[in-house]
Each structure stands twice: as C-alpha cells, then as structure tokens.
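Please walk me through this structure, one selection at a time. I have it open in my viewer and would like to know what to pick next and what I will find there.

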Amino acid sequence: MVEPRPTVALPETADPSLVLLTVEEAARRLRIGRTTCFRLVLAGEIESVTVGRLRRVPVDAVPAYVAKLRHRPAEAA
C-alpha cells in the first residue's frame, strides 16, 4: 500500500511581468495577514491604486513599504 505524500506549499514565484498585485498577494509577499495588509492599504501606509472597482498594489510598493519600515525610528516598548 502506497502512503500519500504530504503536500508542501511551494513558495510564490515572482512573475516579472506583473505590475499590480492583489492585496492578498502583497500580504503573502510581506508574510502578514490579509486583514493587516488591507488596514495598511486603507491607512495609506502601502501605496495602492484602484482599477475600476478593484484595489491593487503596485509591485514596487511592497519593497518601498519595507524600506520605510527600516528607516522608521524604533518605537518604545
């Protein structure tokens, strides 16, 4: 009897032809939750655009957000 192999989630390969990401795709790239990413988008922390009725995140907005975080002064705990 053959035992089924466990499924392994493959890492998302970045498609170089993509210009805009869904908020969910941006969240996966940042390794944060979907709801958190939507909050950041709505607060203007992560740049986004609307296309019709859709909300999209430019590909270069993800590393720009990370760079902004890196240069932010550390918050007191």
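## A tour from the sheet to the core

Start by selecting Leu 20 and Pro 58: Pro 58, in β3, is the bridge partner of Leu 20. Keep in mind along the way that this is a predicted model.

**Stop 1: the sheet.** Now widen the selection to the strands. β1 and β3 run antiparallel and are joined by 2 bridges. Add β2, and you have an open sheet of 3 strands in the order β1-β3-β2, with antiparallel pairing. Its edge strands are β1 and β2 (49-51), each of which pairs on one side only. As background, strands of a sheet pair through backbone hydrogen bonds.

**Stop 2: the whole chain.** Zoom out and colour by secondary structure. You should find 3 helices and 3 strands, running β-α-α-β-β-α from the N terminus on. The protein chain has 77 residues, and 19% of them count as buried. If you switch on a surface, its accessible area comes to about 6500 Å², with 57% of that belonging to carbon and sulfur atoms. Among contacts with a separation of 6 or more, 42% are between residues 24 or more positions apart.

**Stop 3: helix α3.** Select residues 61-70, which make up helix α3. Which of its residues are buried? Ala 61, Val 62 and Tyr 65 are. Look down the axis of α3: the buried residues fall within an arc of 105 degrees, so they line one face of the helix. Turn to the other side of α3 and you will meet Pro 63 and Arg 70, both exposed. Next, show what the buried residues of α3 pack against: β1 (20-21), α1 (23-30), α2 (34-42) and β3 (54-58).

**Stop 4: the nonpolar core.** In soluble globular proteins, nonpolar side chains tend to be buried together. Here, the largest nonpolar core has 13 residues. To find your way into it, select Ala 26, Cys 37, Ile 46, Val 57 and Val 62, the residues with the most contacts inside this core. The elements that give two or more residues to it are α1, α2 and α3, and α1 gives the most, with 4 residues.

Stay with Val 57 for a moment and show its surroundings. Leaving aside neighbours within four places in sequence, Val 57 is in contact with residues including Val 19, Leu 20, Leu 21 and Val 23. Ala 26, Val 41, Ile 46 and Val 62 are also among the contacts of Val 57, as are Glu 47 and Ser 48.

**Stop 5: the salt bridges.** Side chains of opposite charge can pair when their charged atoms come close. How many salt bridges does the structure hold? There are 2 salt bridges to visit.

- Select Arg 34 and Glu 24, whose side chains meet in a salt bridge at 3.1 Å, N to O. Arg 34 lies in helix α2 and Glu 24 in helix α1, so the pair ties together parts that are 10 residues apart in sequence. Both residues are partly exposed: Arg 34 has a relative accessible area of 48%, and Glu 24 is at 29%.
- Then select Glu 45 and Arg 72, whose side chains meet at 2.8 Å, N to O, in a salt bridge. Glu 45 sits in the loop between α2 and β2 and Arg 72 in the segment after α3, so this pair ties together parts 27 residues apart in sequence. Glu 45 is partly exposed at 27% relative accessibility, and Arg 72 is partly exposed at 36%.

How values were computed: Residues are numbered from 1 along each chain as its sequence is written. This is a predicted model: local features need pLDDT of at least 70, side-chain atom pairs count only at pLDDT 80 or more; totals for chains, interfaces and linings use all residues. Side-chain values use heavy atoms; hydrogens and water are left out. Buried means under 20% relative accessible area, exposed over 50%, partly exposed in between (1.4 Å probe, protein chains only). The arc is that of the directions from the helix axis to the C-beta atoms. Contact means heavy atoms within 4.5 Å. Accessible areas come from the Shrake-Rupley method with a 1.4 Å probe; for residues, only the protein chains shown count as cover. Two strands pair if DSSP finds at least two bridges between them. A salt bridge is a side-chain nitrogen of Lys or Arg within 4 Å of a carboxyl oxygen of Asp or Glu. A nonpolar core is a set of buried Ala, Val, Leu, Ile, Met, Phe, Trp, Tyr and Cys residues joined through side-chain atoms within 4.5 Å.
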